[in-house]
Amino acid sequence: APAQHEKPPTTSYRRFLIVLSVLSLLSTFLAPILVHKYLPFTLGSKVSLSDSLQPLYTGKMTLSNLSCFVFYSCWLRITSLAVSPRHKIRLETAANWISPVVIINAFFPLIFQIFLIVISCYGLQEFGDIMDKANKQEKSEVNSSSSSSSATTTGRSYQIKNDRFLLSISIFIGISSILGIWTIFAGSICFSFALLLLSSSFRDRQSFREKTRLEVLGFVYIPVVSGLGNMLCSIPNGNGWILVCLSCSWIGDGGAYFIGGRYGRHKCHPAVSSGKSWEGIFAEGFWSIVTCLGIRWIQTSWNEEYMGIPSLTVLDCFVVGSLLTASGVAGDLCESLLKRLGGVKDSGDFFPGHGGVLDRFDGLYFSVMTILVRLYC
């Protein structure tokens with residue numbers, strides 16, 4: 001709220017910031033190449049870890065990697081000073097989170113997998129909060145529209161916010177997915193699902209229909225799909241594919257947010273998401289493809305595999321960018337449907353300017369499933 005009362009920068013100061021922003025953006029791509037050529041040092045390459053602790057650090061972080069992230073964060077910081085206060089918070093949050101998350105994913109895979117488990121727990125809590133608000137809204141509508149005893153006493157039970165059992169299941173599935181063995185992961189899902197149905201069978205018939213349906217929805221949408229992200233990390237070049245998903249999801253969402261918000265005229269599905277427009281979707285697809293092409297350019301410039309990402313052809317860039325855009329839009333619409341059910345604009349406030357965990361990772365969940373289908377089919 002205080003940021004909205006800040007005075008906008010003067011014209012000359014804004015021009016100065018724009019020049020710095022362009023220079024820092026160019027440095028994001030050029031500095032890593034120069035550092036890689038003249039200072040090809042690997043940080044911590046002599047650190048000896050046992051095979052069991054090797055996922056803690058891959059030993060492949062270089063000065064060129066760090067320079068890329070430093071200049072990218074500087075670009076976001078400088079750009080945030082030249083935009084409106086509403087967009088400033090969004091860019092500052094991106095500067096605080098993007099580089100650390102990408103570094104952890106690329107060089108500390110086990111820590112990133114634990115991070116996904118923690119994020120899924122937060123997402124599950126947000127899902128419970130949305131259902132709790134939907135429950136209150138339903139009861140309020142029923143009590144105000146009808147005075148019959150049957151209507152007032154059989155309100156739907158959406159409350160799952162305090163269901164520690166579902167949270168325990170999420171952690172159990174997350175831990176099993178870290179092992180990277182599909183049979184164990186599938187077995188944990190079946191076992192957890194059976195426990196979920198068994199615990200639900202002790203409720204009355206009405207409660208079983210309503211609450212169990214929502215618990216199954218939260219169970220499939222958050223812990224299971226998040227576990228698929230950990231499974232993707234366990235396959236060869238999996239962390240590289242996660243980086244592709246993160247980059248396309250976040251950069252594509254940013255393009256859709258700014259382009260769609262300014263030029264969006266034709267709504268995609270106004271009944272589910274009033275802000276989603278076809279102009280924004282095309283902008284998201286464009287920037288996702290550009291992101292893939294940018295990653296390919298860095299790979300070819302360095303003449304080596306870039307942070308575990310497999311080599312991408314130009315055709316791969318267009319195909320992967322398009323598929324990730326479609327999956328990201330599907331994830332956004334599904335999450336918008338949940339928020340509409342609870343009558344909320346954002347799932348939470350974990351990421352200032354962006355919303356909650358589900359707002360930020362909904363597209364990533366569906367993108368991970370798309371990449372897995374592409375790799376195994």
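This report describes the fold, the second largest pocket, the salt bridges and some buried residues of a predicted model.

## Basis of the model

Local features in this predicted model need pLDDT of at least 70, side-chain atom pairs count only at pLDDT 80 or more, and totals for chains, interfaces and linings use all residues. Residues are numbered from 1 along each chain as its sequence is written, and side-chain values use heavy atoms, with hydrogens and water left out.

## Overall fold

The chain holds twelve helices and two strands. Helices (H or I, at least four residues) and strands (E, at least two) are DSSP runs, numbered from the N terminus. Read from the N terminus, the order of elements is α-α-α-α-α-α-α-α-α-β-β-α-α-α.

The chain has 377 residues, and 47% of them count as buried. Buried means under 20% relative accessible area, exposed means over 50%, and partly exposed lies in between (1.4 Å probe, protein chains only). Contact means heavy atoms within 4.5 Å. Among contacts with a separation of 6 or more, 71% are between residues 24 or more positions apart.

## The second largest pocket

The second largest pocket encloses about 1,100 Å³ of space. Its lining has 35 residues, and those closest to the centre are Tyr 257, Gly 275, Lys 339, Lys 345 and Asp 346. On a 1 Å grid over the protein atoms alone, a pocket is an open set of points where a 1.4 Å probe fits, with protein on both sides within 12 Å along at least five of seven lines; lining residues have an atom within 4 Å of a point. Grid points are joined across faces, edges and corners, and the volume is the space filled by probe spheres set on the points.

Six elements are listed as each supplying at least two lining residues: α3 (85-107), α9 (238-263), β2 (273-277), α10 (278-302), α11 (314-342) and α12 (357-376). By class, the lining comprises six nonpolar, 13 polar and 16 charged residues. Ala, Val, Leu, Ile, Met, Phe, Trp, Tyr, Cys and Pro count as nonpolar, Asp, Glu, Lys and Arg as charged, and the others, Gly among them, as polar.

## Salt bridges

Side chains of opposite charge can pair when their charged atoms come close. Three salt bridges are found in the whole structure. The criterion is a side-chain nitrogen of Lys or Arg within 4 Å of a carboxyl oxygen of Asp or Glu. One of the three joins Arg 360 and Asp 253, with the closest N and O atoms 2.6 Å apart. Arg 360 is in helix α12 and Asp 253 in helix α9, so this pair links distant parts of the chain, 107 residues apart. Both Arg 360 and Asp 253 are buried.

Another salt bridge pairs Asp 332 with Lys 276 at 3.0 Å, N to O. Here helix α11, which holds Asp 332, is linked to strand β2, which holds Lys 276, across 56 residues of the chain. Asp 332 counts as buried because its relative accessibility is 9%, and Lys 276 is buried at 14%. A further salt bridge is formed by Asp 316 and Arg 374, with 3.2 Å between the closest N and O atoms. Asp 316 belongs to helix α11 and Arg 374 to helix α12, 58 residues apart. Arg 374 is partly exposed, because its relative accessible area is 31%.

## Helix α12 and Asp 362

Helix α12 has 20 residues and reaches 28 Å from its first C-alpha to its last, close to the 28 Å expected. The expected span is 1.5 Å times one less than the number of residues. Most of α12 is covered, with 15 of its 20 residues buried.

Asp 362 is a residue of helix α12, and Asp 362 is buried because its relative accessibility is 2%. Leaving aside neighbours within four places in sequence, Asp 362 contacts Tyr 221, Gly 331, Asp 332, Glu 335 and Val 357. The C-alpha atoms of Asp 362 and Cys 334 are 8.3 Å apart, with their positions 28 residues apart in sequence.

## Buried residues in α3 and α10

Thr 93 lies in helix α3 and is buried at 7% relative accessibility. Beyond its neighbours within four places in sequence, Thr 93 is in contact with Phe 351, Pro 352 and His 354.

Ala 283 is in helix α10 and is buried, with a relative accessible area of 8%. Leaving aside neighbours within four places in sequence, Ala 283 touches Gly 255, Ala 256 and Ile 259. The C-alpha atoms of Ala 283 and Gly 260 are separated by 7.5 Å, and the two residues are 23 residues apart along the chain.
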